[in-house]
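Q: Please give me a close look at one part of this structure. Then set that part against the rest of the chain.

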Amino acid sequence: MTGAVRIAEGASAHAPTWRRLSLAPKLFISLIVLAGTAVLVYGGIHQSSRNIAEFICYLGISILASRLKVTLPGITGTLSVNFLFILIGIIELSFTETLILGAVSMLAQCLYPERPQALQITFNICAGAISTALAYLVYHHPLANLLLGSRPILLGVAATVYFVANAGSIATVISLTEGRPLTRIVVDCYFWSFPYYLVGAGIAGCIAWLNQKFNWETSLLLVPVVYLIYRSYRLYLGKLEDEKRHVEEMANLHLRTIEALALAIEAKDHTTHEHLQRVRIYAIEVAKELGIGGPELEALHAAALLHDIGKLAVPEHIISKPGRLTPEEFEKMKIHTLVGAEILERVRFPYPVVPIVRAHHEKWDGTGYPLGLKGAEIPIGARILSAVDYLDALASDRQYRRALPLREVMQKLAAESGKAFDPRVVDILQKRYLHLEQLAQAKSAADSNGPLSTAIKIERGLEPAAGFENAAAQDYAGREATFLSSIAAARQEAQALFELSQDLGASLSLGETLSVFSVKLKPMVPYDAIAIYVRREEELVPEYVNGDNYRLFSSLRIPVGQGLSGWVAQNRKPIINGNPSVEPGYLNDPSKFSSLRSALAVPLEGVAGVIGVLALYRGERDAFTSDHLRILLAVSGKMALAIENALKYQQAESSATTDYLTGLPNARSLFLQLDRELARCKRDNSTLTVMVSDMDGFKQINDRFGHLEGNRVLRLFAQALKDSCREYDYVARMGGDEFVVVAPGLAADAAAKKAEQMGILAQQAGAEVCGEEILSLSVGRAVYPEDGKDAEQLLAEADRRMYLEKQKQLAYKDRRVHPRLKCRVAIEMQTEGGGTPVFANLTDISMGGCYIETSAGSKLKLGFSMDDATLSAEGIVARLEPGSGVAVQFREQNRDGRDKMFKILEFVQKTTAYYNSRYFENLLKR
């Protein structure tokens, strides 16, 4: 069979042009073309013919035979049966005729059924001419005839030379253009046809013998034999092609299975959607650069896709944790190398995938895991995968950090060369990382498959056929500790932790939160007793206790730094399988006996530090494992946050209705209680007394003795006032130095005595703190239903009367002579000399004077009502502020003058309240 080739088509749909060929194939093709052209020119110059009719007949049959060709398996060339007629030409025809027969038949073979490039046709014709000339030379050379002396042997040698020259030249150009090993191409694609050349030599010898015994036309009877040879080729190669196709289909199925397993990893870890493609492309290209091929390259291809399959056995909360892993979590993460190797051992790959997956976290200096291999002990595929995986991890977005620029990644990778990674691999990555990144991005852009539909919601299906679960499934004894159980345990743990985290955020009640937590935790970490301690200053107080020795644990008060739990709180470190009996106060009585033998305690760290300790106890010694500790550490942060939120909610709930300084109900709580009391009074048709009090001289205490002493006065008075009231009376602090007493059914005389008693209590509180009688109390009373129907009316009336009472208080040394009333009232003002009255705004008034927004003379007469002329007062200008107003000091008053001023103050207060009320009503209507 004569070979022909399509130069470097390979798997590409477009054959490369001469310019796109590399230097080596260009040189070889040029050499073949030059040598073949020289042979053809030589044959053309030295023309000769023995029998032109025989030549034309053989040429025609050779052309027809050239069309009977078969495609070679595995390469881009074809073979034809025209080699038989070339061997006949070597025996029967001249050199020139044989060259023409070979060249024309090769041309026919190249042109049917496709139209190749001129370069391909030229190369095939020249290669065929060289092969024909060498075979003709061997058969007819005198030295060969002298050495061998046998024509059949010479014909066999000539056929062998023709095969070697023809197949060798075509295999060489295929190797140079397609980058495949020459020996592999010859052995796999050509060597099997060598016996056919020898058989063809025998047939050609038979035809030559018939020509000698009979006429040359007799040999035409063997043409059907030629067709028989062609059909045998076709059947044989067809069988090879079917087997090859089957092998390719199985290989593709194998690869798709690998990719499906890789998709399982993607579904587990959403951060690796593009991770696999990038790692695969980088790893394969680096391996090619290192000269790795064959089974090792196939193994690396599979390992690049499947190296993280062992993460199926790692709980999802560890894989997707948005932060650094704890030592316990890292121990769990490290098993993915061994579990992945165990999984892939079941697949029985025909190439060494398992060693690469097992060792892809080993380090060049021997500090890696799981086996601690170093240097050349690590499989070359694992060394490549380790460096590429590190590069991709830094260059990709993760939950705990953003992706780093590729240049910065390469700097970090170079820093680990010779420590964690093979220096040869790092050198190749440094040289080619930009090109490799472009290849990876092009591959990702061309990939039409998107991520798995893990977020889709299926509307159909109300429940499984067996119904929903009612209780947690119990683990059974003798369970096989295989990678399958590891995967199942990881999924169950992830689901349990997810449900636990959901439940922890579902309630702000501390007791309910801790109770739910203890129930959900027990299937994951079995215990005989649980105690959750909350830190109160420098002491741990049991907030929730359940299980064995309930009463003992509930009575504990553990100082921070003492005992097992106190040590955990102080050092912020967990203890596993500690001794429960070392807890302070746990077994003070020697006669008592505890069945608990091991404890597991972890600190609960909130925003402000350690807020408590979670302690579990078991009756067996060393009952807790590192997995139990890892689970507790995984939930401790969430648990601490839930406890912290619940404590803040308790504090907020308390502060919303309680005054922080005195511990009395605040204004909000007062209004709620007053509304309830008024509703009860309406139902029972009873009375309710509201007493509003304000301390006189409290500002001077703050000024002279400080605010801390003022706070002491408030606390002392609040406690004394509460102790002096009836059990069903309601005492509240309105704010500042104002206190309110709500007294149901209190008679008028009893209310008066109560007001006097309150004044005495205020004097005693001031005297106890300040050492002098500097404090007094003004009390105003209002009674339901006479003075008001709702809480606001009663408080307003009591406050008004309290203020009037304040005006009657005696002045103490260093205190303001007369308390002032803030107001906003239009008044009439006239100078002492008479003249036209002018209007002014009254903003501040007391028994001794007032402040008016106007400008006037030094002596004034003020009229406070347009309707009642008796509501007037005379005074002098005490201070003048141009453009702003004047301060007026009233003249000295006798008893009648003071009574008149009380009426003026009462009028001003009512008028201000009236206008304020109208203002707010108009404001609400807008």
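A: Helix H3 covers residues 83-92, and 10 of its 10 residues are buried, so the helix is largely enclosed by the rest of the structure. This is a predicted model. The buried residues of H3 are Phe-83, Leu-84, Phe-85, Ile-86, Leu-87, Ile-88, Gly-89, Ile-90, Ile-91 and Glu-92. In the protein, which has 926 residues, buried residues make up 45%.

Strand S9 gives a second case. 10 of the 10 residues of S9 are buried, so S9 too is largely enclosed by the rest of the structure. What surrounds this strand?

Start with the sheet. Its 6 strands run in the order S6-S5-S4-S9-S8-S7, the sheet is open, and the pairing is antiparallel. The edges are strand S6 (558-559) and strand S7 (575-578), each pairing on one side only. S9 has S4 on one side and S8 on the other in that order.

Take the S4 side. S4 and S9 pair antiparallel over 6 bridges. There, Ile-530 stands opposite Leu-616 of S9. On the S8 side, S8 and S9 share 9 bridges, again antiparallel. Ser-598 stands opposite Arg-618 of S9. The link from S8 to S9 is a hairpin through 2 residues.

Further out, S7 and strand S8 (residues 598-606) are joined by 3 bridges and run antiparallel. Here Ile-575 has Ala-601 in S8 as its bridge partner. Helix H20 (residues 510-521) packs on the sheet. H20 touches strand S4 (529-536), strand S5 (539-547) and strand S9 (609-618), and its direction makes about 55 degrees with that of S5. Helix H22 (residues 563-571) lies across S4, S5, S6, S7, S8 and S9. The angle between H22 and S9 is about 145 degrees.

Now the charged pairs. The whole structure holds 28 salt bridges. One of them joins the side chains of Lys-806 and Asp-694, at 2.5 Å from N to O. Lys-806 is in helix H28 (residues 791-807) and Asp-694 is in strand S10 (residues 688-696), so this pair ties together parts that are 112 residues apart in sequence. Lys-806 is buried at 11% relative accessible area. Asp-694 is buried as well, at 9%.

Other salt bridges sit within a helix. The side chains of Lys-334 and Glu-331 meet at 3.1 Å, N to O. These two are 3 residues apart in helix H14 (residues 327-345), which means about one helical turn separates them. Lys-334 is partly exposed at 22%, and Glu-331 is partly exposed at 47%.

Glu-906 and Lys-910 also form a salt bridge, at 3.7 Å from N to O. Both lie in helix H29 (residues 895-925), 4 residues apart, about one turn of the helix. Glu-906 is partly exposed at 27% relative accessible area, while Lys-910 is partly exposed at 48%. Salt bridges with shared partners join Asp-787, Glu-797, Arg-800, Arg-801, Glu-906 and Lys-910 into one network.

Last, the cysteines. The count of disulfides is 0. Cys-850 is in no disulfide, and the nearest cysteine sulfur, that of Cys-823, is 8.3 Å away. Cys-850 is buried at 5% relative accessibility. Cys-126 is buried at 4%.

Step back to the whole. The protein has 29 helices and 19 strands. Its accessible surface comes to about 48,000 Å², and 55% of that belongs to carbon and sulfur atoms.

Terms used. Residues numbered from 1 in each chain as written. Predicted model: local features only at pLDDT ≥ 70, side-chain atom pairs only at ≥ 80, totals over all residues. Heavy atoms only, no water. Disulfide = S-S within 2.5 Å. Buried < 20%, exposed > 50% of the residue type's maximum accessible area, 1.4 Å probe, protein only. Pairing = 2+ DSSP bridges. Contact = heavy atoms within 4.5 Å. Axes fitted to C-alpha atoms, helices over the stretch in contact; angles between N-to-C directions. Areas by Shrake-Rupley, 256 points an atom, 1.4 Å probe, with all protein chains shown as cover. Salt bridge = Lys/Arg side-chain N within 4 Å of Asp/Glu carboxyl O.
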